[in-house]
Amino acid sequence: MKVIWLLLAAAFVAILNETTMAIAIPELNRSLGIPPEQGQWLTSAFMLTMAVVIPTTGFLIQRFTTRQIFLAAITSFVLGTTICLVAPGFITLLAGRVVQAAGTGIMLPLLMTTIMNVVPAQSRGRMMGRVGMVIALAPAIGPTLSGVVLDSLGWRWLFGIVLPIALVAMTLGARWLTNLGVTNRAPIDVVSIVLSALAFGGIVYGLSQLGGGHGGETGGASNGGDALPWSAVAAGVVFLGIFVWRQLALQRRSAALLDLRVFTSRNYVIAVIIMSIVALSMFGTFSLLPQYLQNVVGLGATQSGLVLLPGSVIMGLLGPLMGRIYDARGPRTLLVPGTILITAAMFVYSSADLQTPVALLVCTQIAMSLGLAGSFTPLFSASLGSLERSLYSHGSAALNTLQQVAGAAGTALLISVYSTALHAGQAEGLSVAEAGAPGAQNAFFIAGCIAAVAVVLAFFITKPEESDAPVAAEH
């Protein structure tokens with residue numbers, strides 16, 4: 001069990017690192033003397049690397065031992081963090097971020113696959129609840145921690161604080177980790193890796209450029225009319241089709257980079273669709289809401305963070321409780337009210353305007369966070385639990401990949417809708433607040449309509465059979 005706690009801690013540090021960086025971009029732009037569009041690559045490159053790495057984890061987790069995978073991931077993260085800490089300029093810092101992302105992309109799929117392999121089916125909800133806690137608490141703490149560090153110590157300490165924690169995790173991993181299950185010595189298909197990189201990298205890049213935040217008073221939108229983002233998405237979709245065709249051919253001899261037989265499980269497919277909708281809602285809201293709070297409501301950056309903080313902390317603390325409820329009652333008890341709360345929060349946000357009390361926004365965010373807490377655990381548990389043991393790693397890889405793509409799509413969709421109305425209003429002579437309010441309302445309304453689909457699908461999720469036993473560790 002201490003191995004899972006170690007993986008949880010490593011995943012927490014990796015996610016915390018990403019959320020602290022998001023708020024640091026303006027400071028890095030000033031410190032390094034670079035324009036906003038260049039500084040944004042510190043997050044865009046991270047997302048792109050994650051989109052390329054995550055689809056490969058299904059194969060890698062089967063091909064190499066748990067110990068080898070973890071040590072490779074945490075070593076990559078430590079190396080990237082060290083590079084960022086001592087970086088003399090933008091290019092070196094960007095390289096460090098890419099190396100960091102390579103390790104980060106492996107952590108969550110490895111954690112989920114390990115839980116599925118070593119935890120009995122009747123107890124998985126509690127452990128997956130702890131995964132939800134990590135996913136929630138790290139983004140809650142990250143922005144606040146980042147603000148304090150930037151104001152008092154400087155941007156290098158964002159990496160200086162994370163580095164020793166990662167080093168401890170690496171040391172404990174080398175000492176504690178054992179090998180789980182049997183490895184598969186099939187050769188890796190290089191063509192599939194290239195196709196995966198072009199497919200998921202192209203889609204995520206295009207979506208991130210459509211919804212890319214460059215900061216500033218205009219809400220940070222990129223020019224949605226540019227041809228490049230749409231071309232990248234279209235090319236990504238084409239390469240995705242070729243990637244799928246190749247995986248279908250390779251999986252006949254169990255040599256696929258990402259085994260698509262996971263999608264033959266009805267329960268898994270429904271859970272993945274709901275997870276994608278939830279991710280679209282969550283990441284889109286977390287991207288748009290701070291801009292709405294600052295540009296429309298007129299709050300400062302710290303105040304905006306405090307609006308988001310209570311809900312995120314509550315969501316994290318409720319993770320283990322949600323896991324126990326899942327183990328006892330199954331997924332629908334949590335998922336139906338959870339998706340309803342998410343949808344209702346979106347529609348409340350869609351009616352907010354310049355005069356909306358901040359207290360109402362805080363309460364709405366708490367309600368949405370309760371919905372997210374009630375959704376993550378049953379989705380993680382029911383989706384992977386519906387698969388054969390041999391497909392756990394591929395199911396985790398596919399789930400996390402689609403979550404990444406959906407998050408980028410949610411950010412792009414909400415920010416683009418907001419920005420279009422904002423720029424149109426400013427062209428008519430309106431202030432940023434007056435122009436941004438209807439854009440935010442339209443964006444949240446669209447998100448609410450999409451989230452409503454998850455409410456319907458939640459009724460069709462079932463709890464998998466509790467028939468499998470945990471894998472014994474190999475020494």
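These legends go with four close-up views of a predicted model.

**View 1. Helix α12, from end to end.** Here's α12, running over residues 266–297, 32 residues in total. From its first C-alpha to its last it reaches 44 Å, close to the 46 Å expected at 1.5 Å a residue. It still has a kink of about 25°, and Thr285 sits at the centre of that kink. Most of the helix is covered, with 25 of the 32 residues buried. Just after α12 comes Gly298, with a positive phi near 90°.

**View 2. The largest nonpolar core.** This core counts 117 residues, and the members that touch the most others are Phe70, Leu111, Val131, Tyr292, Phe376 and Phe380. Helix α12 turns up again here, as the element that gives the most to the core, at 15 residues. Both domain 1 (1–188) and domain 2 (258–466) put in at least three residues each.

**View 3. Around Val131, and a core set apart.** Zoom in on Val131 and, leaving out residues up to four places away in sequence, you'll find it touching Leu8, Leu108, Leu111, Met112, Ile115 and Phe380. A separate core of 17 residues lies apart from the largest one, and its members include Leu42, Ala45, Trp155 and Phe159.

**View 4. Phe239 on helix α11.** Phe239 belongs to α11, which spans residues 227–250. Its relative accessibility is 28%, so Phe239 counts as partly exposed. Setting aside neighbours within four places in sequence, Phe239 is in contact with Leu195, Leu198 and Ala199. Take Ala199: it's 40 residues from Phe239 in sequence, yet their C-alphas are 4.8 Å apart in space.

Terms used:
Residues numbered from 1 in each chain as written. Predicted model: local features only at pLDDT ≥ 70, side-chain atom pairs only at ≥ 80, totals over all residues. Heavy atoms only, no water. Helix = DSSP H or I, 4+ residues; strand = E, 2+ residues; numbered from the N terminus. Expected span 1.5 Å × (residues − 1). Bend = angle between axes of the 7 residues up to and from the residue. Buried < 20%, exposed > 50% of the residue type's maximum accessible area, 1.4 Å probe, protein only. Core = buried A, V, L, I, M, F, W, Y, C linked by side-chain atoms within 4.5 Å. Domains from an automatic or database assignment. Contact = heavy atoms within 4.5 Å.
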